[in-house]
Amino acid sequence: MIRRQRLAAGVCALLAALTAGLAFPAGAVADETEQSAPKVELVLDVSGSMRTRDIDGGTRMAAAKQAFNEVLDATPEEVELGIRTLGADYRGNDRKTGCKDTARLYPVGPLDRTEAKTAVATLAPTGWTPIGPALLKAADDLDGGEGARRIVLISDGEDTCQPLDPCEVAREIAAKGIGLTIDTLGLVPDAKTRDQLSCIADATGGTYTSVRHKEELSDRVGQLVDRAADPVVTPVATEGAGECAAAPALKSGLYTDREEFGQQRWYKVEVNPGQEVRASVSVADDRAVNPDYGVLLRAVTLHGREIVRGEAAGNGRTDVISTGLRYPRPESDDDNATAETVCLQVTNSFSAAAGVKTSPGLPLELTVDVVDGPSKASDVAAFGLGRGWWLLGALVLAGFVGGLLWGWLSRWRVAVWRTN
């Protein structure tokens with residue numbers, strides 16, 4: 001569900017990365033209590049098409065086995081890992097039976113590398129591609145606990161067990177609110193396969209990657225397993241107000257809220273001189289909506305003057321829309337300068353399709369980060385160039401000097417030619 005606009009709000013992605021990658025300041029309100037062990041389940045397509053020899057001269061199955069063995073060797077000790085297959089056992093043509101063909105090859109838990117590798121060695125391409133049923137079973141395998149949970153799906157084709165749409169299955173998993181992320185890797189550069197695997201990943205905030213080489217597959221699976229061991233930041237539920245004066249005061253952190261169709265939600269942030277507030281917002285359409293919609297994030301003063309804004313638009317092809325902004329407050333020579341209240345306004349222009357309930361509101365995720373600003377706040381904008389103005393000035397000066405020299409040389413050569 002979360003196709004992140006492919007992702008149109010690049011600035012939002014930058015802000016999210018900064019928030020996830022840095023520890024929150026002491027005043028952060030996000031819950032970072034100790035979590036249980038992170039869990040990962042590798043879900044591998046073992047259908048008959050995995051016999052195809054098109055990855056570095058070998059079969060897709062051989063590439064997957066090599067990747068799994070390398071990942072098993074490098075899996076962090078704190079990660080509990082399991083392996084599930086789809087299409088590995090049934091060789092017949094009965095669709096009903098083939099679409100139940102998913103099995104737990106190695107249970108999710110503390111990793112015995114030798115045992116897991118032995119299980120991987122037994123795999124042989126066999127049957128159907130029941131992606132939807134495999135995802136449901138994998139979600140059950142990872143059920144329980146509060147740590148990070150991640151499914152890594154490797155497939156070389158579309159699900160062959162419709163109408164159980166794997167994209168809808170992923171949406172159902174996301175709707176449970178259990179914090180499970182599905183990442184997908186496609187071994188075939190086919191448009192339909194890419195679209196389906198992308199949709200599965202987007203539904204839970206995961207990633208889709210197309211891989212064509214053994215090394216790429218090993219590296220990517222390893223990265224995703226390592227990512228599960230990263231600290232988990234739990235969003236904090238908040239409730240925005242209809243006006244800034246009544247808005248909740250937020251510190252650096254990750255927040256969730258609900259916003260009705262076409263509604264405004266207000267939040268407040270305190271920014272001291274020399275600090276910079278970075279904010280991003282994502283609004284998801286978790287139900288059928290009309291195409292052509294947008295989201296607006298504004299930073300304004302208590303008196304209503306707009307400071308800066310971020311906005312993004314969608315056309316019905318994405319299930320989430322995101323945008324972000326940055327506001328650096330300049331340093332002050334006044335030692336008694338107080339914090340400035342910055343009001344953050346979130347507005348959406350979604351409209352519900354006919355017959356669709358408008359309550360509860362749409363899921364909203366807001367990231368706020370208050371950090372030390374640059375030495376000169378005015379350098380942040382610089383008309384999009386930042387400190388690139390120095391380079392631009394140097395290029396202009398070099399061009400001017402070069403033009404003078406070239407003109408002088410040209411006139412000298414003409415003078416010499418006339419003399420001769």
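1. Let's start with a pair of charged side chains. Aspartate 257 and arginine 265 meet in a salt bridge, with 3.4 Å from N to O. Are these two residues buried or exposed? Both aspartate 257 and arginine 265 are buried. Please keep in mind as you read on that this is a predicted model.

2. Salt bridges can also be chained together. Here Arg298, Glu306, Arg309 and Glu311 are joined into one network by salt bridges that share partners. In total, the structure holds 16 salt bridges, and two further ones are worth finding on your screen.

3. Look up arginine 113, which forms a salt bridge with glutamate 77; their closest N and O atoms are 2.9 Å apart. This pair links distant parts of the chain, since 36 residues separate the partners. Arginine 113 belongs to helix α4 (residues 113–121), while glutamate 77 sits in the loop between α2 (60–74) and β4 (80–86). How accessible is each partner? Arginine 113 has 22% relative accessibility, so it counts as partly exposed. Glutamate 77 has a relative accessible area of 69%, so it is exposed.

4. Now try arginine 194 and aspartate 195. Their side chains meet in a salt bridge of 3.9 Å, N to O. Arginine 194 counts as partly exposed because its relative accessibility is 36%. Aspartate 195 is partly exposed too, because its relative accessible area is 37%.

5. Next, a word on the whole protein. How many helices and strands does the protein have? You can count nine helices and 18 strands. Of the 420 residues in the protein, 47% are buried. The accessible surface comes to about 21000 Å², and carbon and sulfur atoms account for 53% of that surface.

6. The contacts tell you about the way the chain comes back to itself. Taking contacts between residues at least 6 apart in sequence, 77% join residues at least 24 apart. A pair of alanines is a handy place to look: alanine 203 and alanine 174 are 29 residues apart in sequence, and their C-alpha atoms are 6.6 Å apart in space. Alanine 203 is part of helix α7 (residues 191–203). With 1% relative accessibility, alanine 203 falls under the 20% limit and therefore counts as buried.

7. Turn to the surface and look for negative charge. Which residues form the negative surface patch? The members are Asp56, Glu70, Glu215, Glu216 and Asp219. Helix α8 (residues 214–228) gives the largest share of this patch, namely three residues. Aspartate 219 is found in helix α8, and its relative accessible area of 40% is why it is described as partly exposed.

8. Finally, there is a nonpolar patch to visit. Leu397, Phe400, Val401, Leu404 and Leu405 make this surface patch of about 520 Å². One of its members, leucine 397, lies in helix α9 (residues 388–419). Why does leucine 397 count as exposed? Its relative accessibility is 54%, and exposed means over 50%, so leucine 397 qualifies.

9. A short list for your own tour of the model:
- the buried salt-bridge partners, aspartate 257 and arginine 265;
- the network of Arg298, Glu306, Arg309 and Glu311;
- the salt bridge from arginine 113 to glutamate 77;
- the negative patch, including Asp56 and Glu70;
- the nonpolar patch, including Phe400 and Val401.

Definitions and conventions. Residues numbered from 1 in each chain as written. Predicted model: local features only at pLDDT ≥ 70, side-chain atom pairs only at ≥ 80, totals over all residues. Heavy atoms only, no water. Patch = residues over 30% accessible without salt bridge, like charges linked within 9 Å, V, L, I, M, F, W, Y side chains within 5 Å. Areas by Shrake-Rupley, 256 points an atom, 1.4 Å probe, with all protein chains shown as cover. Salt bridge = Lys/Arg side-chain N within 4 Å of Asp/Glu carboxyl O. Helix = DSSP H or I, 4+ residues; strand = E, 2+ residues; numbered from the N terminus. Buried < 20%, exposed > 50% of the residue type's maximum accessible area, 1.4 Å probe, protein only. Lys, Arg positive; Asp, Glu negative; His and termini not counted. Charge placed at Lys NZ, Arg CZ, Asp CG, Glu CD. Contact = heavy atoms within 4.5 Å.
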